[in-house]
Amino acid sequence: MKVKVFDEAGGVDGVDGVVGPLRSSGRPGRPEGRRAMAVLLVLPLLGALGLVLGPTGSAPAHAASACSGRLVKTVTFSTGSLRVYKSRAYACAVSVAGKPGARRAMRVSLQPRGGRAVVDSGKFTQLAGPVTVHALNRCVRASGSVGGSSGSTGWILC
């Protein structure tokens, strides 16, 4: 026995002996709950993506770390700061402007004991560096400048 069922969209769903779920669009193969289920799955994924990517507004005034590892020393001076990071076998340093904006002379230098200094200098808006040296069981010293002010560390990480 063939039963005809009418849905709100004006479509007909005929099933032999059994009345099946109503079709929302009148097209075969599209059960009514599939669209709602897709929406319920997609919305949380979009929310999680927003949390991962962060806000879409303007960038914060402070710079995210360009170096990996943990921050071991910060030397502040009037126009910015020098930051030194240490990972297992490497040391890394950056000079960060206190107020990012117009291009100005910036410099950062990092030297391992017994080795040559690695330097990054030029006209930058936000930070100079990162500069990285191999520092497994070695002391390092760093210096940095932003505009006319500068700061330096003595031998550290010994």
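Let us call two residues in contact when they have heavy atoms within 4.5 Å. The structure above is a predicted model, in which local features need pLDDT of at least 70 and side-chain atom pairs count only at pLDDT 80 or more, while totals for chains, interfaces and linings use all residues. Residues are numbered from 1 along each chain as its sequence is written, and side-chain values use heavy atoms, with hydrogens and water left out.

Along the sequence the pattern reads β-β-α-β-β-β-β-β-β-β-β, which gives one helix and ten strands; helices (H or I, at least four residues) and strands (E, at least two) are DSSP runs, numbered from the N terminus.

Now zoom in on Ser95, which sits in strand β5 (residues 90–97). Ser95 is buried, its relative accessible area being 0%; buried means under 20% by that score, with a 1.4 Å probe and protein chains only. A polar atom of the Ser95 side chain lies 2.8 Å from the backbone oxygen of Arg107. Beyond four places in sequence, the residues in contact with Ser95 include Leu82, Arg107, Val108, Ala128 and Gly144.

Val108 is a good next stop: among the residues it touches are Leu82, Ala93, Ser95 and Val131. Val108 also belongs to the largest nonpolar core, which has 18 residues. Such a core is a set of buried Ala, Val, Leu, Ile, Met, Phe, Trp, Tyr and Cys residues joined through side-chain atoms within 4.5 Å. Strands β3, β4, β5, β6, β8 and β9 each supply at least two of its residues. A second, separate core of five residues includes Cys67, Tyr85, Cys92 and Val94.

Definitions and conventions:
Buried means under 20% relative accessible area, exposed over 50%, partly exposed in between (1.4 Å probe, protein chains only). A polar contact is a pair of N or O atoms within 3.5 Å; within protein, one must be able to donate a hydrogen and the other to accept it, and residues adjacent in sequence count only if both atoms are side-chain atoms.
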